[in-house]
Each structure stands twice: as C-alpha cells, then as structure tokens.
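This report describes one protein model, with attention to its charged side chains and its largest pocket. The sequence and the coordinates are shown first.

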Amino acid sequence: VSISEEGKKSQAAAKALAEKVIDTAYAYQLGPVLFNPTLTSGKDTFRLTRDGALSYFVGGDSRYPTDSGFALKNWKKCEIKNAGIVITGNAAMTLGNVMVTDSANKTTTVDKTWGYIKDDKGALRIVLHHSSLPYQPN
C-alpha cells in the first residue's frame, strides 16, 4: 500500500502511513535531519523537522502553504540507481538518481544524495536527504 493509495481513502490515512514511513526511514527521533526535497523553494526549502517532512509528503500543514503532497501524486513506480555508495563506520552515503513514474507513464528523474547512520538498534536511518531536478544547460 502506498501513501498515494491511502490518500484516496482520506488525508488522515495518508498522513498515518507517511508518519510510519518517516519514523522508519528517517532519523528525526535522533535530532534534525538535513532534508532538502525536490519540490521546495524559498523559506520552506529545508525541512529539518519531522513536521516539515510530513507536510512535504502529504501536505495539509498551514506552516508550509505550498506543499501539495509529493507522495500523493499518484506515483506508480519508484526506482533508485546509485552511482556510488560510501560506507564508513556506522555511516553511509549514496549518490545517484531516483526515477518516479506517474499514472500516465511519465517518468521524472531527480538527482539525489542521501546520508545514513545506524541508530542504537543498528537500523539505518536517513540523516541527509537532498534531491533536485538535474541541471539543464541552455
């Protein structure tokens, strides 16, 4: 079940699943996460808090009025291709692309850099998430 599918049921259902995903994948429970998602700009570009990340994925937070819910955009496929992975101690970093395909079969590719640490239970948690549309020279 995807966040988008839950969003077709209700905003509350989408939010509940997004909270579960965020709490499982990201390290907000350990402190700030350096989150710079693709479709943000201006004063709302960086999302160092869980609430900011949740709003990006499902919208509905008046503190982030331009968020429409990235995870609600009816994506039907997501593929990650790492160009490189660095692992050192309890930290790892990846660099590459994420390709998301929508219900009309249009694929959008973004550049991504993610950083991870192991939490006290040994689970990898994202502490750095940067994604952006690739540079398009004129």
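By about how many helical turns are Glu6 and Lys9 separated in helix 1? The two residues stand 3 residues apart in that helix, so the separation is about one helical turn. The model is a predicted one.

**Salt bridges**

Glu6 and Lys9 form a salt bridge in which the closest N and O atoms are 2.9 Å apart. The two partners differ in their surroundings: Glu6 is buried, with a relative accessible area of 13%, whereas Lys9 is exposed, at 63%.

The count for the model comes to 8 salt bridges. Among them are the following pairs.

| Pair | Closest N to O distance |
|---|---|
| Glu6 and Lys9 | 2.9 Å |
| Asp67 and Arg47 | 2.8 Å |
| Asp61 and Arg63 | 2.8 Å |

The side chains of Asp67 and Arg47 meet in a salt bridge of 2.8 Å. Asp67 belongs to the loop between helix 3 and strand 2, and Arg47 to the loop between strand 1 (34-36) and helix 3, so this pair ties together parts that are 20 residues apart in sequence. Asp67 is buried, with a relative accessible area of 11%, and Arg47 also counts as buried, at 1% relative accessibility. In the pair of Asp61 and Arg63, Asp61 is buried, with a relative accessible area of 15%. Elsewhere, Glu19, Asp23 and Arg50 are joined into one network by salt bridges that share partners.

**A buried lysine without a salt bridge**

Which side chain of opposite charge is nearest to Lys112? It is Asp111, 10 Å away; Lys112 is buried yet has no salt bridge. Lys112 lies in strand 4, and its side chain makes a polar contact of 2.5 Å with the side chain of Asn82.

**The largest pocket**

The largest pocket has a volume of about 680 Å³. Its lining consists of 28 residues, of which Phe57, Phe70, Ala71, Cys78 and Val100 lie nearest the centre. Helix 1 (3-9), helix 2 (11-25), helix 3 (50-58), strand 2 (75-88), strand 3 (91-102), strand 4 (107-118) and strand 5 (124-132) each give two or more residues to this lining.

How do the lining residues divide into nonpolar, polar and charged, and how many are there of each? The lining of the largest pocket holds 21 nonpolar, 5 polar and 2 charged residues.

Key. Residues numbered from 1 in each chain as written. Predicted model: local features only at pLDDT ≥ 70, side-chain atom pairs only at ≥ 80, totals over all residues. Heavy atoms only, no water. 1 Å grid on protein atoms, 1.4 Å probe; cavity = no way out; pocket = protein on both sides within 12 Å on 5 of 7 lines; lining within 4 Å. Points joined across faces, edges and corners; volume = space filled by probe spheres on them. Helix = DSSP H or I, 4+ residues; strand = E, 2+ residues; numbered from the N terminus. Nonpolar A, V, L, I, M, F, W, Y, C, P; charged D, E, K, R; others polar. Buried < 20%, exposed > 50% of the residue type's maximum accessible area, 1.4 Å probe, protein only. Lys, Arg positive; Asp, Glu negative; His and termini not counted. Salt bridge = Lys/Arg side-chain N within 4 Å of Asp/Glu carboxyl O. Polar contact = N/O pair within 3.5 Å; in protein donor to acceptor, adjacent residues only side chain to side chain.
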